[in-house]
Amino acid sequence: MRKFLSLFLCVCFVFGMSFSVSAATENTPNTINELVVSENSEVIVSKDMNSGTISYSTFDYAPASTTYTLGTRGDVSQGWFPDASTSETDGAFTHSVIGSDGRKKVSNTEAYPYSAICYIEIDWPDGSTGLGTAWMIYSDIAITAGHCVYSSEHGGWAEKIKLWPGKDGFGLWNNPYGTTETTTLHAASQWTESEDGEHDWAVLELEDDIGNKTGWFGLGWTSADLTGTNVTISGYPGEHRYYQYEMSDKITRCSTNKLFYNVIDTSEGQSGSPIYTSDNIAYGIHCHGVNGNNENSGTRITEWRFNYFKSFKD
């Protein structure tokens, strides 16, 4: 019996040593300074919602062409599920209604693409609850604004984020696709370190494959000037809580990291909404209210962001 006990303890010790070594070799860097950042990579900061662990990583890619589009997964009710393949060609936020409010309530949030737009509630460390919008890009992946996952004003990283795709009113009976929560949050280090508005974006990994019910948006990136492009912004304004509102008009100005529009009304709660074209390809994420030029604006999907977002499908 004593020999058996000794053998058992030895096996446990060896196993424990093996586990410790394995865990050590898989550790993610604890600081940004430990990372090697190449010319085409950026630093991503991630939060595991179960453990609360914060980790740092980089994403690199090889530039290929001047325009990318990633196809949509559209009308779920009709069973239209095209492959989302890549094609390459050349080619603190204030109320932001500008003039009269041109937004209209979405009449059927179960219809694609509105079904793929989510009302979100955010539990912050300071005890407050924030509202926002997110949108599906895959079965269990959504995009939103960086300030919907990290806010120094509210104590740092969100503690909990719940999503209701296609929500249309108060109450459980107005949630056509149910609800899900986030498992992991990803944001740019430029946002989590200094809340730089040029890098206000976030990726949400979800508990459920809810996108298989809702459908999802395509992604678009181009080096061309998007000024004059007709787009729609649809999301959940705080003053119309639980209801989705949309408005369409032209992008009036763009820069490397931003899209500007002085003719599309938005308000708090719509942060994180998709900025998308008539073919349901999103080229940006609405983030900010009026600036000094009386413009609302959003984060542009750059080449790096396109490739990073796409990597979650790959």
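In the predicted model, strands β17 and β18 form a hairpin in which 3 residues lie between the two strands. The pairing of β17, which spans residues 253-254, with β18 is antiparallel and extends over 2 bridges, and within this arrangement cysteine 254 stands opposite leucine 259 of β18. Strand β18 is also joined to β21, a strand covering residues 296-300, by 4 bridges, and these two strands likewise run antiparallel; here lysine 258 of β18 is placed opposite threonine 299 of β21. Along β18 itself, which comprises residues 258-261, Lys258 and Phe260 point one way, whereas Leu259 and Tyr261 point the other way, and all of these residues are buried.

A further site considered is asparagine 175, which is located in the loop that connects β11 (160-165) with β12 (180-188). Asparagine 175 is classed as buried because its relative accessible area, at 13%, falls under the 20% cut-off. When residues up to four places away in sequence are not counted, asparagine 175 touches Trp164 and Lys167.

With regard to confidence, the protein has an average pLDDT of 82, and 77% of the residues score at least 70. Over residues 1-27 the pLDDT is below 50, and this stretch makes 0 contacts in the model beyond near neighbours in sequence. Residues 75-98 also have a pLDDT below 50, although 65 contacts beyond near neighbours in sequence are present in the model for that stretch. Where pLDDT is low, the predicted coordinates should not be interpreted in detail.

Conventions
Residues are numbered from 1 along each chain as its sequence is written. This is a predicted model: local features need pLDDT of at least 70, side-chain atom pairs count only at pLDDT 80 or more; totals for chains, interfaces and linings use all residues. Side-chain values use heavy atoms; hydrogens and water are left out. pLDDT is the predictor's confidence in each residue, from 0 to 100. Contact means heavy atoms within 4.5 Å. Buried means under 20% relative accessible area, exposed over 50%, partly exposed in between (1.4 Å probe, protein chains only). Two strands pair if DSSP finds at least two bridges between them.
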